[in-house]
Amino acid sequence: MSPSPPSSSSHVETLLSLKRRIAALEELNAELRTPAERKSNSQVLEGRVIRRLVCLTERVEDLVSEFDRRTTLGTTDGSDAEVFESSNTIENRRYRSYKKLVIWCPSVRMLIQSSAESSELAGICNKLNRSADAARGDDTTSLKFAVASWLMQTSPTPNPIISNRDKSCRGFRHDTTGKLLCPVDYNWDDAVVREAIRNYHPDYRVTSYSWPSYLYRDGHYDTKNPTKGLFKGELLVKAVKHIFTSPTSAENTSGFLSSCDFPKRRRTTGERRTRCDVAGLLRMKSIQPRAIAYTAVQLRFALSSAGSWRIMDDDFDQEEFYHNIVDYFELCPSTEAAKEVENLLLWWNQQVFGRRNVSEYRPQKTERLSVAMTSTAR
């Protein structure tokens, strides 16, 4: 008599047993990973924050050196380093970037507070720098394609077409990208002005001392109210969303996004969870001025005809442009200007995050609400 075939229930039990065994082995494998490996992965992720939220070009070791320089002026623990203001603009900018660095890269802060050898610090700085530059390169490549796609969707359609691969016909050589790059101090619609810019006429130089029109809403600059519409350009908003939330979210320009507007990628075989967007990976729950400045530089490069990344684009200094934007947000000359920036950042948060993270970017002043008031009155 032949043996009876195994029942379907035994197959299910065997399969479940194997799955449990695989899960146990995966957990064991995770536990066996060395602390050094986990730290290395963390440093790679932190490095990708640096260009986006800390500084455009500075090396990590230079930022740390500026902190060390200030602490040696008269403090021992660095707590009073801020009071030693320098008359050197570069040094002050570098120290402000250092303060952002220790916020967004906790491993650097812990390393500085430890008794790590200089060789170890140099190795970690090198790894952070490589990761930072790699992230900038990824964003540069991604925006190169995205910007071409966005512009080709406008009406009327740009002529000649804007290639998503060859940038040689972008910049001031093309009327569409040229108008977006044109300093708001000049009138691109004037044929004489266009020709002067293209021929590098000294009276129509394109430098970082003028805001490019793509920073303004509808490209409109009001000489009587120069801050009106500044940093509200549609293409700039698209680029920030493209880098920090998702390429799909960049297509929604109406603002006030709900969580449903952030598409979830379907899991593929072997994935345990849905991938976070860049803002989530960087732990950025509200828009940061340096994220806007970084994206503005990336967008300008994407619109230009430059084939490779560089700080100087003819007479235009990308790094100075970056710092002009950062200073606008971070160095407000008056309480009125600070309030204007606060409202601008609220507008940006509504555009980028919508209802998501609202408690982070506009926390309630609970001490003025009814629960606190009734408690005080008792």
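S359 sits in helix α14, a short run covering residues 358-361. Is S359 buried or exposed in this predicted model? With a relative accessibility of 55%, S359 counts as exposed, because the cut-off for that label is over 50%. Now look for S286, which is 73 residues away from S359 along the chain. The C-alpha atoms of S359 and S286 are separated by 9.6 Å.

Another serine gives the opposite picture. S131 belongs to helix α6, and its relative accessibility is 7%. Buried means under 20%, so S131 counts as buried. Leaving aside residues up to four places away in sequence, S131 touches V44, G47 and R48.

Let's stay with helix α6, which spans residues 118-152 and packs against helix α11, residues 289-303. Their axes lie 9 Å apart and make an angle of about 60°. Which word fits that arrangement, going by the angle? The two helices are oblique to each other, because an angle of about 60° falls outside the 65 to 115 degrees that would count as roughly perpendicular. The crossing of α6 and α11 is right-handed. On the α6 side, the contact is made by A135, R136, D139, T140, L143, K144, V147 and L151. On the α11 side, Y294, Q298, L299, F301, A302 and L303 take part. Sorted by type, the residues of this contact come out as 9 nonpolar, 2 polar and 3 charged.

A second helix pair is worth a look too: α4, residues 89-104, and α12, residues 318-330. Here the axes come within 12 Å and cross at roughly 70°. That makes α4 roughly perpendicular to α12, and the crossing is left-handed. From α4, the residues R93, R96 and K100 meet E320, H323, N324, V326, D327 and E330 of α12. What types of residue make up the contact of α4 with α12? They divide into 1 nonpolar, 2 polar and 6 charged.

Next, some backbone details. Most residues other than glycine have a negative phi, and most peptide bonds are trans. The chain has a few spots that go the other way, listed here.

| Spot | Backbone feature | Angle |
|---|---|---|
| S155 to P156 | cis peptide bond | omega near 0° |
| N159 to P160 | cis peptide bond | omega near 5° |
| D218 | positive phi, not a glycine | phi about 60° |
| R283 | positive phi, not a glycine | phi near 65° |

Where do the two prolines in the table lie? P156 is in the loop that runs between α6 and α7 (175-181), and P160 lies in the loop between α6 and α7 as well. D218 is found in the loop between α8 (191-198) and α9 (234-244), and its relative accessible area of 74% makes it exposed. R283 lies in the loop between α10 (278-281) and α11. At 46% relative accessibility, R283 counts as partly exposed.

Finally, how confident is the prediction? The mean pLDDT of the protein is 85, and 82% of its residues reach 70 or more. Over residues 256-274, though, the pLDDT is below 50. Beyond near neighbours in sequence, that stretch has 32 contacts in the model.

Conventions
Residues are numbered from 1 along each chain as its sequence is written. This is a predicted model: local features need pLDDT of at least 70, side-chain atom pairs count only at pLDDT 80 or more; totals for chains, interfaces and linings use all residues. Side-chain values use heavy atoms; hydrogens and water are left out. Axes are lines fitted to C-alpha atoms, for helices over the stretch in contact, and angles run from 0 to 180 degrees between N-to-C directions. Helices (H or I, at least four residues) and strands (E, at least two) are DSSP runs, numbered from the N terminus. Angles under 35 degrees count as roughly parallel, over 145 as roughly antiparallel, 65 to 115 as roughly perpendicular and the rest as oblique. A crossing is left-handed if the near helix is turned anticlockwise from the far one by less than a right angle, and right-handed if clockwise. Contact means heavy atoms within 4.5 Å. Ala, Val, Leu, Ile, Met, Phe, Trp, Tyr, Cys and Pro count as nonpolar, Asp, Glu, Lys and Arg as charged, and the others, Gly among them, as polar. Buried means under 20% relative accessible area, exposed over 50%, partly exposed in between (1.4 Å probe, protein chains only). pLDDT is the predictor's confidence in each residue, from 0 to 100.
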